[in-house]
Amino acid sequence: MARKNQISLIGHTGSDPEVVTLSDGWIAKLSLATDESYTDKNTNQKIDVTEWHPLEFRGRLAQVAHDYIKKGDQLYVDGTLRTYKIQIGDKSVTCHKIIVTNVQKLNSRAQSEQKPILSPQQSAP
């Protein structure tokens, strides 16, 4: 049986990417908001839910994120889901993040300034 760890999301960025330079390359981090709505069966009211997904861009994609992605941009991202634990006081908390493998900018808050997003294999102009 084949197994695959892949996630695809469409949402809006909550901030400009935060970029960190490490000895082996760049890492860019930001959160992506996705929305969903449903009707409560008991009250018949529409309920809107926003989920925030932490994204991590590595290497060339981190540079692309730094150069082209801004707060409020709508993105389509593919990636893999990673789970890790952190200690908060005496409790161990399980967290998730998405390691981005592909990104496409769908639109921008500043459409007139929009530039094409590069795939990881392309070089900057």
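A residue is called buried here when its relative accessible area is under 20%, and exposed when that area is over 50%, with partly exposed in between. This cut-off is needed at several points in the predicted model described below, beginning with Asp73 and Lys105, which are both buried.

Asp73 and Lys105 also form a salt bridge, with N and O 3.3 Å apart. Asp73 belongs to the loop between H1 and S5, whereas Lys105 is in strand S6, so the bridge ties together parts that lie 32 residues apart in sequence.

The overall layout helps to place this pair. The protein has one helix and six strands. Read from the N terminus, the order of the elements is β-β-β-β-α-β-β. Of its 125 residues, 30% are buried. The accessible surface comes to about 8,600 Å², of which carbon and sulfur atoms supply 47%. Among contacts with a sequence separation of 6 or more, 56% are between residues 24 or more positions apart.

The helix, H1, covers residues 60-68, and its buried residues are Arg60, Leu61, Ala62, Val64, Ala65 and Tyr68. An α-helix has 3.6 residues a turn, so residues three or four places apart point the same way. What do the buried residues of H1 pack against? Their partners are S3, S4 and strand S6, the last of these spanning residues 91-107.

Two residues illustrate how the strands meet other parts of the chain. Leu75 is located in strand S5, which runs over residues 74-88. Its relative accessibility is 0%, and Leu75 therefore counts as buried. Setting aside residues up to four places away in sequence, Leu75 touches Leu9, Ile10, Gly11, Thr13, Leu32, Ile69, Val103, Gln104, Lys105 and Leu106. Lys105, the partner of Asp73 in the salt bridge, is thus one of the residues that Leu75 touches. The C-alpha atoms of Leu75 and Asn107 are 7.3 Å apart, although 32 residues separate the two in sequence.

Ala33 is the second example, and its place is in strand S3. With a relative accessibility of 12%, Ala33 is under the 20% limit and so counts as buried. Beyond its neighbours within four places in sequence, Ala33 is in contact with Ile10, Gly11, His12, Thr50, Glu51 and Trp52. From Ala33 to Trp52 is 19 residues along the chain, and their C-alpha atoms are separated by 4.6 Å. Ile10 and Gly11 appear among the contacts of Ala33, and they are also touched by Leu75.

The salt bridges can now be taken together. How many are there in the structure? The count is three. Besides the pair of Asp73 and Lys105, there is a network that links Glu56, Arg58 and Lys97. Within this network, the closest N and O atoms of Arg58 and Glu56 are 2.8 Å apart. The two residues differ in accessibility: Arg58 is partly exposed because its relative accessible area is 40%, while Glu56 is buried because its value is 5%. Glu56 also meets Lys97 in a salt bridge, at 3.1 Å from N to O. Glu56 is in strand S4 and Lys97 in strand S6, so this pair ties together parts 41 residues apart in sequence.

Lys97 has a further neighbour in Tyr84. Lys97 lies over the face of Tyr84, 5.2 Å from the ring centre. Tyr84 is part of strand S5, and its relative accessible area of 33% makes it partly exposed. Together with Ile86 and Ile88, Tyr84 forms a nonpolar patch on the surface, with a joint accessible area of about 250 Å². As for pairing between aromatic rings, the structure holds zero such pairs.

One loop residue remains to be described. Asn44 is found in the loop between strand S3 (25-39) and strand S4 (46-58). Is Asn44 buried or exposed? Its relative accessible area is 63%, over the 50% limit, and Asn44 is therefore exposed. Most residues other than glycine have a negative phi. The phi of Asn44 is near 60°, a positive value in a residue other than glycine.

How values were computed:
Residues numbered from 1 in each chain as written. Predicted model: local features only at pLDDT ≥ 70, side-chain atom pairs only at ≥ 80, totals over all residues. Heavy atoms only, no water. Helix = DSSP H or I, 4+ residues; strand = E, 2+ residues; numbered from the N terminus. Buried < 20%, exposed > 50% of the residue type's maximum accessible area, 1.4 Å probe, protein only. Contact = heavy atoms within 4.5 Å. Phe/Tyr/Trp six-rings, centres within 6.5 Å; stacked < 30°, edge-to-face > 60°. Lys NZ or Arg CZ within 6 Å of the ring centre and 35° of its normal. Patch = residues over 30% accessible without salt bridge, like charges linked within 9 Å, V, L, I, M, F, W, Y side chains within 5 Å. Areas by Shrake-Rupley, 256 points an atom, 1.4 Å probe, with all protein chains shown as cover. Salt bridge = Lys/Arg side-chain N within 4 Å of Asp/Glu carboxyl O.
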